[in-house]
Amino acid sequence: MTDALLQVDDLRVTFAVGGREVRAVDGISFTVSPGATLAIIGESGSGKTVSCRAIMGLLPTGTAIGGSARLRGTELLGLSDAELRRYRGSDLAMVFQDPARSLNPTMRVGLQITEAITTHRATRGGRQSKREAQQQAIELLRLVRIPAAERRFHEYPHQLSGGMRQRVMIAMALACRPKLLIADEATTALDVTTQAQIMELLLELQEELGMALIMISHDLGLAASYADEVIVMYAGKIVEQAPAAGLFGAGGAVRMRYTRALLDAIPHLERPAHTLLPVVTGRPPDPTALPPGCSFAPRCQYAEDDCRAKVPALAEHVPGHRWACWHPCENGAAPHD
Ligand SMILES: Nc1ncnc2c1ncn2[C@@H]1O[C@H](COP(=O)(O)OP(=O)(O)O)[C@@H](O)[C@H]1O
Ligand SMILES: [Mg+2]
């Protein structure tokens, strides 16, 4: 696809832990179009954060990374820190789960945003007066709908609520007017009402600023209600990918057994208001000792001998809909009740 904003091909990330290999990300490929919203969902440990950190160049030095991640055709993997900083400062930004840990507790929030703005300007080779940068910081606080922005500018993180701190983090991420914002469990630490407000804010900003959004979540309901497209990850691999409406909407047709199990554990998917990813019986496999066949087979009630012997390939069985399963759900299976 030539109009892709981000094109990820066969991304692999391997850590060496105590002499053993952890294949945290095992050959994932996906594309994000300009302005699109992609949700990446999966249980804890499935490789969501590591994938995005690899793309952002935020993994520890020495981490083994393979494959390709191109932003408007430019390869990001293997860029030097200085080069990456340029992209991180202009095209790519990431918001993390825990704003309390990501903000500097000893610095007024306005100054933290001002710093993000001036750093971004400097990497672009531009200059700007401190006053201008401060004015822009206040505008960013307004952009993320923080009331009394001039007053909040002078406050410290601890004076703000969790939701307000997350808005500040988003403001900092937006300082560079990114083309792609990655929100990694950005609302997980917040209460349900605040979560919804922040999600609405992200979607509004996405439209206002024309950016693409990758929303990482273990919250299937969140993905169902906000994303255009959904990727389901399991043990470092993509196991299913489809337009959100194709999976969850009326006549939605989930095929992979793991996705199905996740959906079946939600009582009312028609109203998927922020339902935490339900627990599927059993636990994800030990990443240092993956089973030989399908990683989900040990937890799958439909697993047969072939599932335990051979890894099912992720293939586009229907245009726009990929899944990896030897014995998928029948198409048109009874919609979830
Ligand atoms: N720095 C690291 N060193 C070793 N293993 C790591 C490191 N970071 C993550 N992992 C492992 O990689 C796997 C994927 O982690 P992660 O992407 O954080 O999962 P998720 O975000 O889906 O919860 C996990 O098994 C995790 O323990
Ligand atoms: Mg994570």
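Is E185 buried or exposed? The residue is buried, with a relative accessible area of 10%. I start there since E185 also has an unusual entry in the backbone list, and I will come back to that. What you have above is a predicted model, and the values I quote are computed from that model.

Let me take the ligand first. Which residues surround ligand 1? Going along the chain, they are F15, V17 and A24, then the run E43, S44, G45, S46, G47, K48, T49 and V50, and finally P287. By class, that shell divides into 5 nonpolar, 5 polar and 2 charged residues.

Now the short distances. One oxygen atom of ligand 1 sits 3.1 Å from a backbone N or O atom of S46. For K48 the partner atom is in the side chain: an N or O atom there is 2.8 Å from a ligand oxygen. V50 uses its backbone, with a polar atom 2.8 Å from an oxygen atom of ligand 1. On its own, ligand 1 has 560 Å² of accessible area, and the protein covers 66% of that. Two elements give two or more residues to the shell, namely β1, residues 6-17, and α1, residues 48-56. The most comes from α1, with 3 residues.

Next, the nonpolar core. The largest one has 71 residues, and the members that touch the most other members are I170, V230 and Y258. Helix α7, residues 162-174, supplies the largest share, 7 residues. Where does this core lie with respect to the domains? Domain 1 covers 6-91 plus 178-323 and domain 2 covers 102-175; both give residues to the core, so the core lies between them. As background, nonpolar side chains in soluble globular proteins tend to be buried together.

Staying with α7 for a moment, M172 is also in that helix. M172 is partly exposed, because its relative accessible area of 22% is not under the 20% needed to count as buried. Its C-alpha is 7.8 Å from that of I117, although M172 and I117 are 55 residues apart in sequence.

There are two further pairs of this kind, distant in sequence, that may be useful if you want to look at the fold on screen. I41 is in strand β3, residues 37-41. At 0% relative accessibility, I41 counts as buried. Its partner here is A223: 182 residues separate I41 and A223 along the chain, and the C-alpha distance is 7.5 Å. The other pair starts from D26, which lies in strand β2, residues 20-32. D26 is a buried residue too, at 13% relative accessibility. D26 and I238 are 212 residues apart along the chain, with their C-alpha atoms separated by 8.6 Å.

Now back to E185 and the backbone. What is the phi of E185? The value is near 50°, which is positive in a residue other than glycine. E185 is found in the loop between β7, residues 180-184, and α8. A148 is a similar entry: phi is positive, about 50°, and again the residue is not a glycine. A148 is placed in the loop between α5, residues 130-143, and α6, residues 149-153. In terms of accessibility, A148 is partly exposed, with a relative accessible area of 38%, whereas E185 is buried at 10%.

The last residue is T194, in helix α8, residues 192-209. Why does T194 count as buried? Its relative accessibility is 14%, and buried means under 20%. The side chain of T194 makes a polar contact with the side chain of D191, at 2.7 Å.

To recap what to select in the viewer: for the ligand, S46, K48 and V50 are residues with a polar atom within a short listed distance of a ligand oxygen, at 3.1 Å, 2.8 Å and 2.8 Å. For the core, select I170, V230 and Y258. For the backbone, select E185 and A148. That is what I have.

Key
Residues are numbered from 1 along each chain as its sequence is written. Chains are lettered from A and ligands numbered from 1 in the order in which they are written. This is a predicted model: local features need pLDDT of at least 70, side-chain atom pairs count only at pLDDT 80 or more; totals for chains, interfaces and linings use all residues. Side-chain values use heavy atoms; hydrogens and water are left out. A residue is near a molecule or strand if one of its heavy atoms lies within 4 Å of it. A polar contact is a pair of N or O atoms within 3.5 Å; within protein, one must be able to donate a hydrogen and the other to accept it, and residues adjacent in sequence count only if both atoms are side-chain atoms. Accessible areas come from the Shrake-Rupley method with a 1.4 Å probe; for residues, only the protein chains shown count as cover. Helices (H or I, at least four residues) and strands (E, at least two) are DSSP runs, numbered from the N terminus. Ala, Val, Leu, Ile, Met, Phe, Trp, Tyr, Cys and Pro count as nonpolar, Asp, Glu, Lys and Arg as charged, and the others, Gly among them, as polar. A nonpolar core is a set of buried Ala, Val, Leu, Ile, Met, Phe, Trp, Tyr and Cys residues joined through side-chain atoms within 4.5 Å. Buried means under 20% relative accessible area, exposed over 50%, partly exposed in between (1.4 Å probe, protein chains only). Domain bounds come from an automatic or database domain assignment.
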